[in-house]
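Welcome! Take a look at the chain below, and then let us walk through its salt bridges, its sheet and its core together.

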Amino acid sequence: MKIIVGLGNPGSKYLFTRHNLGFMMIDALAGNGQFQNKYKSLIQKKEIENETALLVKPQTFMNLSGQAVREIAHFYKIPLDSLLVIHDDKDLPFGTMKFQKSRGPGGHNGVKNIHQELNSKDYTRLKMGIGIEKNQADLKKTAVKSKPLLSFKEERKHTLQNYDTITWRSILEDPSKKLNKIDTDYVLSPFSKKEKERLADFLNKGVKAIECFIKQGFHQASNQFNSKTPF
């Protein structure tokens, strides 16, 4: 059996935010199937590519995702190579994805907590890109040509539509400055109009990637679906 975990935050407040892309992927896999509330999660068993998969949406909130994953892993006594965790990644452009195994959390607090609770990072992750699609050179050029640098307090008042330029202004002003507040606002915001138009295709691509992982394994799925350019 495979355990497929999608990360997100419970509640209508977070329903269609970028940080809930993991939940959206689980819903895309589940179709019209019903979920049960068990092990601090919403779970559903489903046959995918002739193998039983347990679909999981932890209800512990993102930063404590590991508590739910640990309970399920211990109950079903699965080896870690049968665990797949799906989550958003702001460092990957929207529309791209990447299978990864045995790597650090990369700043994702949900993944960090799973590492801690399992006392291991030796499981597979599917990172789904929610980041901007411009390359960094273009962003830096835009920032340099923009208006005078803003104070951090002023930056926080800006809308998320200016997220790209705000981020680069902060880096140019003070490279050591932490941008946690800006990053949090971005991942907890809804998808843009342009992203919403492409979201269904992105989720369908994710379903195919997960089916490939279940049927053919990590390496084949990585070769077919890891990409630096959007679909």
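The structure holds 8 salt bridges, where a salt bridge is a side-chain nitrogen of Lys or Arg within 4 Å of a carboxyl oxygen of Asp or Glu. Before we look at some of them, please note that this is a predicted model, in which local features need pLDDT of at least 70, side-chain atom pairs count only at pLDDT 80 or more, and totals for chains, interfaces and linings use all residues. Residues are numbered from 1 along each chain as its sequence is written, and side-chain values use heavy atoms, with hydrogens and water left out.

Here are three of the pairs:

| Pair | N to O distance | Separation in sequence |
|---|---|---|
| Asp27 and Lys57 | 2.8 Å | 30 residues |
| Glu71 and Lys40 | 3.5 Å | 31 residues |
| Asp89 and Lys127 | 3.4 Å | 38 residues |

Asp27 sits in helix α1 and Lys57 in strand β4; helices (H or I, at least four residues) and strands (E, at least two) are DSSP runs, numbered from the N terminus. Are these two residues buried or exposed? Asp27 counts as partly exposed, at 34% relative accessibility, while Lys57 is buried at 10%. Here, buried means under 20% relative accessible area, exposed over 50%, and partly exposed in between (1.4 Å probe, protein chains only). Asp89 in strand β5 and Lys127 in strand β7 make up another pair. Asp89 is buried at 11%, and Lys127 is buried at 11%.

Now for the sheet. Its 7 strands form an open sheet with mixed pairing, in the order β2-β3-β4-β1-β5-β7-β6; two strands pair if DSSP finds at least two bridges between them. Strands β2 (36-38) and β6 (97-101) are at the edges with a single partner each, so one side of each has no neighbour in the sheet. Strands β1 (residues 2-6) and β4 (residues 51-58) run parallel, joined by 4 bridges, and Val5 stands opposite Val56 in β4.

Finally, the core. A nonpolar core is a set of buried Ala, Val, Leu, Ile, Met, Phe, Trp, Tyr and Cys residues joined through side-chain atoms within 4.5 Å. The largest one has 33 residues, of which Ile4, Leu21, Ile86 and Phe99 touch the most other members. Which helix gives the largest share of this core? That is α8, with 9 residues. Apart from this core lies another, of 18 residues, among them Leu7, Leu83, Val85 and Leu118.
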